[in-house]
Amino acid sequence: MKSIEGLSKHVSGRRSFLKGGALASGAFVTASLLGGGPTARAESDDNDNDFTDGDVAILRFLAAAEILESDLWTQYAELGGNTNGALNPYQKALQNLDGDGSQYITSNTLDEVSHAAFLNAYLESKGAKPVNLDAFRNLQGSKATGAQNIGRLTNLMHLNVDTSWYIRYRSTTNPDMGATFPQAVTIIDRPAIPRTDADMGNATQIQVIANTAAFHFGTIEQGGSSLYASLSRKVTSEQVLEITLGIGGDEVAHFLEWVDFAGNGVQPPVAPVSFAGLTFPDFTTKGPLFQPNLIFPVPAQFIHPRLPHCAVIRPLTDKFAGARATVTFLTNMNLFAGQSKQFFAELQRLADAADAARRRD
């Protein structure tokens, strides 16, 4: 294969028109948005009688999930997003996967921060308590140049990345109907960001870190797509349903980009690439369940085995996509390595309340 140093940064130049505006600075996303923005109370024409305790529980769990997403995406944006000046090796490795990779990371971060801010503001506008996880921002993040020296909620340096989604969305079977899927790549206890500047000194090592991040991006966003779809079935208020469908649709848009992005890491000229026992092979020789350019969901079983196959988000059920399932999924990912018992108790309490919600007629 070609050397990592010689890989083109122009795997894809699409959507480059996004560059150069307010989103063109990772520092803007981190410093401005996470620091908090306007908190004006939202105007609502929704009938307050339709806004139930279950709706509150759903929105509070989603707000917590978006705060956690904002935390992890901000760490990606600090080191791999758009910045002024020369690119660091991590940015270059991400742009080996897509020439617009840094822009996508910055844009995804901005979206997640906006989701968290909106959900909390909407809760407050309804007289409900917003979610605040600041007491748990105690984890040590990266010490590489560009990372802020602040406490984090999430840990991106010891990830177990569930890559089974890559196979699932290329399969005609459905987890909600009992199907199981193997890992596309086995990623255990690996960093998805450079931990220190030393991780950026070896071009092959930093490419493997970037490829790990690419699959993690897809893992996170497919989880969000299923979560919003699952919880939307429990919503009573029409306006809350508008919120969950609207934000959930954005999560789907994110997922589709990262499916394509991850696929670029398992085909030439990037793949095969290996470092310290982790290999990203060339998937172009492994058949349709690994096909890198198959980015749209394959029609699969849905509702009943005798019905025609249908291309859908999957899973959708509480068992695999509900709030408690999401907490388990994120915890098993080692995303919260180092967090306190109090943190897990708070997350579980929010999840229990969301899953207990029921739609009223």
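**Exercise 1. Determine what share of the residues of the protein counts as buried, and describe its overall architecture.**

Solution. The protein has 361 residues, and 53% of them count as buried. The model under study is predicted. Its accessible surface comes to about 15,400 Å², and carbon and sulfur atoms contribute 54% of that area. Turning to secondary structure, one finds 10 helices and 4 strands. Their order along the sequence is α-α-α-α-β-α-β-α-α-β-β-α-α-α. Finally, consider the contacts in the protein with a separation of 6 or more: 79% of these join residues 24 or more positions apart.

**Exercise 2. Compare the span of helix α7 with the span expected from its number of residues, and describe a polar contact at its start.**

Solution. Step one is the expected value: helix α7 holds 27 residues, and at 1.5 Å a residue it should span 39 Å. The factor of 1.5 Å is applied to one less than the number of residues. Step two is the value in the model, where the end C-alpha atoms of α7 lie 40 Å apart. The two values agree. Step three concerns the start of α7, where a side-chain oxygen of Ser237 comes to within 3.2 Å of the backbone nitrogen of Gln239.

**Exercise 3. Identify the cis peptide bonds that involve Pro269 and Pro272, and place these residues in the chain.**

Solution. Begin with the general expectation: most peptide bonds are trans. The bond from Pro268 to Pro269 is cis, with omega near 5 degrees. The bond that joins Ala271 and Pro272 is also cis, and its omega is about 0 degrees. As to location, Pro269 belongs to the loop between α7 (238–264) and β3 (273–275). Pro272 likewise falls in the loop between α7 and β3.

**Exercise 4. State the phi values of Asp189 and Asn334, and relate each residue to its surroundings.**

Solution. Most residues other than glycine have a negative phi. Asp189 has a positive phi, near 50 degrees. Asp189 is part of strand β2, which comprises residues 187–190. Because its relative accessibility is 44%, Asp189 counts as partly exposed. Asn334 also has a positive phi, near 70 degrees. Asn334 is located in the loop between α9 (323–332) and α10 (341–356). With a relative accessible area of 25%, Asn334 is partly exposed.

**Exercise 5. Characterise the environment of Arg314: is its side chain paired or unpaired in terms of a salt bridge, and what does it contact?**

Solution. First locate the residue: Arg314 sits in the loop between β4 (278–280) and α8 (318–321). Next, examine its charge pairing. Arg314 is buried and has no salt bridge. The nearest side chain of opposite charge is that of Asp176, 8.2 Å away, whereas a salt bridge requires a distance within 4 Å. Then consider polar contacts: the side chain of Arg314 reaches the backbone oxygen of Ser171 at 2.9 Å. Lastly, setting aside neighbours within four places in sequence, the residues in contact with Arg314 include Arg168, Tyr169, Thr173, Asn174 and Pro175, as well as Ser226, Pro297 and Val298.

**Exercise 6. Decide whether Thr285 is buried or exposed, and describe its polar contact.**

Solution. Thr285 lies in the loop between β4 and α8. Its relative accessibility is 64%, and the cut-off for an exposed residue is over 50%; Thr285 therefore counts as exposed. The side chain of Thr285 reaches the backbone oxygen of Asp282 at 3.4 Å. A C-alpha separation may be added: Thr285 and Gln267 are 18 residues apart along the chain, and their C-alpha atoms are separated by 9.1 Å.

Note on methods:
Residues are numbered from 1 along each chain as its sequence is written. This is a predicted model: local features need pLDDT of at least 70, side-chain atom pairs count only at pLDDT 80 or more; totals for chains, interfaces and linings use all residues. Side-chain values use heavy atoms; hydrogens and water are left out. Helices (H or I, at least four residues) and strands (E, at least two) are DSSP runs, numbered from the N terminus. Buried means under 20% relative accessible area, exposed over 50%, partly exposed in between (1.4 Å probe, protein chains only). Lys and Arg count as positive and Asp and Glu as negative; His and the chain ends are not counted. A polar contact is a pair of N or O atoms within 3.5 Å; within protein, one must be able to donate a hydrogen and the other to accept it, and residues adjacent in sequence count only if both atoms are side-chain atoms. Contact means heavy atoms within 4.5 Å. Accessible areas come from the Shrake-Rupley method with a 1.4 Å probe; for residues, only the protein chains shown count as cover.
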